[in-house]
Amino acid sequence: MAKPQRMRLNVNGGHHTITVDPDMPLLYALRNDIGLNNPHFGCGLAQCGACTVHVNGKATRSCVTTVGSVRGKKIVTLTGLGTPEKPHPLQTAFVEEQVPQCGYCVNGWIMTAAEMLNKNPRLSDRQIRAGLKGLKCRCGTHYAIHKAVKRAAKAMAS
Amino acid sequence: MNKMISPKDFEISRRGLLQGAGALVVSAAGSTVASGKAKAKAFGAKVKPPLHPTELDSFIAVGADGRVTAFFGKMDMGQGVDVAISQIVAEELDVAYEKVTTVMSDTGTSVNQGGASGSFAIKRGGHAMRFIAAEARRVLVEEAARRLGVKASSLAVDDGVVSVKGNPRKKITYAEILRGNYFDHKLKWNKKLGNRLFSSGKAKPKSYKEYKVVGKPFPRVDVAGKVFGTTDFVTDVKVPGMVHARVIHPDKAGARAKSVDASSIKHIKGARVVHKKDFLAVVADTEWDAIQAADSLKVDWTPGKKPFSKQEDLYDHIRKAPVVKAETKVKKGDVDAALKGAAKVVEAEYEFPFQSHASMGPACAVVDATSDPVMLWTGSQKSHYTAEGVERILKLKPGSVRGVWVPGPGSYGRNDAGDAAMQAAVLSKELGKPVRVQGMRHEGTAWDPKNPASVHMCRAGIDAQGNVIAYEFMSKAFDRQDVRSNESKPRDNLAGQALGVKLKPRKFFREPEDIYDIPSRRLGWKVIPPFLDRYSPLRTSHLRDPIGPQIHFAADQFHDEVAEAAGMDPVEYRLKYLKNPRDRHLVKLAAEKSGWQKRVGSNKGQGGKTTLTGRGIGYALRSGCRIAIVADVEVDTRSGKIWARKFTVAHDLGLIINPDGLVRCIHGNVGMALSRILYEEVNFDEEMVTSVDWATYPIVESPDAPEEIDVILVNRPEKAPQGAGEGSTRPVSGAVANAFYDATGVRLRRAPLTPERVKAALAAGRG
C-alpha cells in the first residue's frame with residue numbers, strides 16, 4: 001500500500017480535499033471520505049457496474065479506478081447527474097417506469113445509459129439493449145430498464 | 001453525506017411520526033363542534049403501551065396531524081408490499097391513501113410478523129393488518145359517537161373525518177379524537193408469531209364491494225430515493241466509533257486454520273486479527289485497510305477431506321446417495337398397477353443444479369454490542385429473527401437486541417445477509433466497538449446458502465385410448481434447508497458453525513402441487529445428506545420460490561412429453577387434466593393472448609436456418625397464486641444462445657390490491673427466473689465452490705432480456721388475496737424448456753440451458 005497523500009478531488013462541481021492512499025479505489029474515497037453513498041460496491045471487479053461514476057463525462061467503474069488517477073478530473077456521481085428538482089431525463093424515466101426493485105444496481109444503469117445517450121440519444125432498441133451489456137441487475141428488472149432508457153432517449157432526442 | 005446513526009435517532013423518528021411535523025397538535029380544534037366535549041374525557045394513553053401483538057398501538061398510529069403510520073413486521077425489497085399494506089390500512093380506516101406510511105421490520109416498532117417469507121406479505125400479513133385497521137376505525141368511530149352524542153351507526157367516515165350522515169357539519173376528525181395519544185386498546189391475538197400472527201378486534205372489515213383504495217394502482221414510494229441516490233442502504237449505515245471488518249473463510253471447504261500470522265498485517269495501522277475457534281476475521285479503522293488486511297493475512301490452512309463430488313458427477317452422486325428422509329404425500333389410486341396395465345409408459349429424468357442468490361452486492365451488517373439495547377442494522381428479510389439470532393449467539397436475554405431492517409443489495413430468500421449480521425455481532429462483542437461487516441464478491445456468490453441441486457424422476461402411463469391414467473413424480477435432492485431461512489439459531493449461520501454449533505438440516509424437500517387430475521398419481525421426494533456438515537459453501541437454503549423452478553423445469557416438460565405421447569397439444573392436455581376451473585381459465589387466457597397454435601410434439605423448422613423459433617407453456621400454483629406462462633423463444637443454432645423474446649403471463653391471485661405493483665412484481669420474477677433457467681449454475685470442484693464472481697456465475701444481461709412481457713391479470717375480488725412475490729418465478733423454467741423443444745425437437749433435461757449445452761444437444765440431436 002502506498003503512503004497516504006493529500007489530494008483535491010472535483011466531485012459534482014465541488015472540491016474535496018482528502019488524505020488517502022492514492023492506490024485506493026475511487027469508490028471508497030467517494031463513499032467513506034467524501035460521504036457520497038450513491039455509487040455502490042457490487043463486485044470490486046468491474047463486472048457489474050454498481051459503482052459507476054462519470055470521470056470527465058465517461059462512465060467509469062470506480063471500484064477499479066484508483067483515486068490517485070482522477071486528480072484534476074471532473075467526477076460526477078448519480079446525485080450530481082440530477083436531483084428531484086432538476087432530474088436528468090433518465091432519472092425522470094426511471095421514476096416513471098418504476099424501474100428499481102432493490103435498487104442497488106440502478107446507479108450503474110443510469111450512469112452508463114447517461115453517457116450513452118449524452119453522446120447519441122438516437123439509438124435503436126437493439127443498440128440500447130447491446131449498449132447496456134456488462135451491467136447486472138439481480139432483481140431481473142431489465143424489461144423496465146429498457147422501457148425507461150427508450151423513454152429517456154426519446155425525450156433527449158426531441 | 002456520511003450519516004452517523006445512534007440508537008436514539010430511531011426513538012426520535014418514532015416520536016416524530018406520532019406528533020406530526022411541527023406543532024400541529026391543536027390546529028384542527030377550531031373546526032369541530034365537538035371540541036368542548038373532547039376535553040371532558042381524554043381518549044387513549046399518553047404513554048405507549050408495550051410492543052405486543054395484543055396492542056392496537058403496536059400496529060397503527062394516528063398522528064396529531066392525522067397522518068397514519070402502519071408498523072409492519074415484514075419487509076419489502078422492491079415488490080411494493082409497503083404500498084399494498086398502506087392501501088389496505090387506508091381502506092379499512094377510511095383515510096386517504098396518501099396519509100398512510102408503512103414502516104417495516106424494525107423490531108423496535110413492529111412485532112414479529114415473519115419478515116419476507118413464502119410470499120405471505122399480503123396473504124397473511126396484509127390479512128392481519130386489514131382486521132387491525134378495521135378495529136382502529138371501529139374504536140375511533142365509537143369514540144366519535146360518544147363525543148357527538150349520536151349512535152355509531154349514524155356516522156360516516158371520509159378521509160379521517162367522522163361525521164353524522166345527513167348532517168356533515170356535525171363532525172370530528174381522528175386526529176381530534178386522539179390528540180397525539182395512543183389508542184391503548186387491546187386486540188385478540190392467536191398467540192402465534194411470524195407469518196401466522198393474527199390479531200383482531202370486534203370490527204368486521206369491509207366487503208370488497210365497498211373498496212375505494214384497494215384495487216387501485218399506486219406507485220411505489222421507494223423508487224425516487226433509489227433513482228436519485230438518496231436512499232440509505234444497509235451498506236451506508238455509519239455509527240460513531242465504528243470499525244470495519246472482513247471475514248476470512250477457509251481457502252477450501254472444510255479446511256481449518258492451523259496458524260494465523262498476525263505479523264502479516266502489521267504494516268496496516270490499527271489492523272488486527274480476531275480468531276475464535278474457527279471464526280477468523282480482520283478488523284481495521286477504515287474499510288480500505290480492512291480489505292487490504294484481508295488480502296495480506298497469511299493463514300496456514302489444514303485441508304479437510306475433499307468434501308464434494310466432482311461437478312460432472314453431481315447428479316450421479318444424488319442418485320446414489322443414501323436417503324435421510326422420504327415422503328410421498330400425494331397418493332391416489334394404484335400407480336404401479338396402472339403403469340403395468342398401460343398401453344404406453346413415458347419416463348424421463350430431469351436435473352437442476354445448485355444456484356446462488358448472488359445478490360447484487362455481498363451482504364453487510366452493522367452491530368453495536370456496546371449499546372443498550374444492542375443495535376443491529378441488517379438487510380436480512382427477517383430482522384426479528386435475525387435479532388433473536390444475535391441474542392442467541394451473544395448469549396443475551398430475549399429482547400436485548402433491536403434489529404433495524406435497512407434495504408440491502410437484494411434478498412430473494414436466505415442469502416448471505418444473516419451471516420453478515422452474526423459475524424458483526426460476534427466481532428462487536430469481542431472488540432467492544434460497533435462493527436461493520438461487508439463481504440467481498442465471493443461471499444455473495446461462493447459463500448451464500450445455495451438452492452438445492454436435484455434430480456426429478458417422472459413416469460406416466462397412457463391407456464389405449466390415449467388417456468393418461470398414471471403419473472409419478474419423485475424428486476431426489478439435497479435438503480431444501482441445511483440452514484433455515486430465518487437466522488434465529490446459531491447453527492443456521494456461518495459464525496455459529498465456526499464457533500462450533502452443529503448444522504441441523506431440516507430434512508425436507510416438497511412434492512409438486514397436486515394440480516393434475518390423473519386417476520392414479522404419486523408425488524413425493526427424498527432428501528440426501530449435505531456434502532459437508534459444517535461451514536459449507538454448498539449448504540442449502542431458500543432462494544426465491546424455493547424448489548419451484550426445479551420442480552417445474554421437470555414437471556412442465558414432463559407433462560409436455562406425456563401430451564406428445566398421448567397425441568395431444570400441450571395446451572389441450574393441460575385443459576383436460578388440470579383440476580381447477582381457475583387453472584384452466586388461465587391456461588386458456590395465456591394461450592389465446594400469445595396466439596398459441598395447436599401442435600403435437602415439436603413444430604421444429606420454424607424461423608430460419610440459423611434462428612429457430614418455438615413456443616412453450618408452463619403452469620403453476622404457488623401459495624394459492626395461479627400462473628400460466630407462454631414463452632416465445634429464438635434459438636441461434638450457431639451460438640447455441642436461447643433468446644426468450646416474449647412472455648405471456650396469465651395471473652390469478654384472487655383479490656388484487658395494487659394492479660400496477662403486481663404487474664411490475666411479475667416482470668421482475670420473470671426476469672430473474674429466466675436468468676436462472678438459461679445461465680445459472682454454481683460451479684465447484686471436489687474442494688471448493690469455484691463460482692466466485694459474475695464471470696464464473698453469469699446471469700442474464702441486457703441483450704438477452706425479453707423484449708416483451710405481456711401480463712394478463714385476472715382479478716377475483718371475492719377471493720382472498722394470495723401471494724404474488726414468487727409465484728410467477730415458478731413456471732418460467734418449464735415454459736422456456738418446452739419452447740426450446742418446440743423450436744428444435746430436442747429435449748434439454750438438464751438445467752441451465754446454456755449455449756454450450758444447447759450446441760452439444762443440437763449436435764447430438766437429443767437432450
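A residue counts as buried here if 20 or more other C-beta atoms lie within 10 Å of its own, as exposed if 12 or fewer do, and as partly exposed in between, with C-beta atoms placed from the backbone. This is a predicted model, where local features need pLDDT of at least 70 and side-chain atom pairs count only at pLDDT 80 or more, while totals for chains, interfaces and linings use all residues. Residues are numbered from 1 along each chain as its sequence is written, and chains are lettered from A in the order in which they are written.

Let's start with α3(A), where helices (H or I, at least four residues) and strands (E, at least two) are DSSP runs numbered from the N terminus. Of its 8 residues, 6 are buried: Pro89(A), Leu90(A), Gln91(A), Ala93(A), Phe94(A) and Val95(A). These buried residues pack against α4 and α6 of chain A and also α6 (223–227) of chain B. After α3(A) comes Gln98(A), with a positive phi near 50°.

Now to the interface: 48 residues of chain A are in contact (C-beta atoms, placed from the backbone, within 7 Å) with 49 residues of chain B. The largest share of chain A's side, 4 residues, comes from α6(A).

Chain B also holds an open sheet of 5 strands with mixed pairing, in the order β14-β24-β23-β22-β15; strands pair if DSSP finds at least two bridges between them. Its edge strands each pair on one side only:

| Edge strand | Residues |
|---|---|
| β14(B) | 325–332 |
| β15(B) | 344–352 |

β15(B) pairs with β22(B) in the antiparallel sense over 9 bridges, and Lys344(B) has Ile462(B) as its bridge partner in β22(B).

Note on methods
Contact = placed C-beta atoms within 7 Å.
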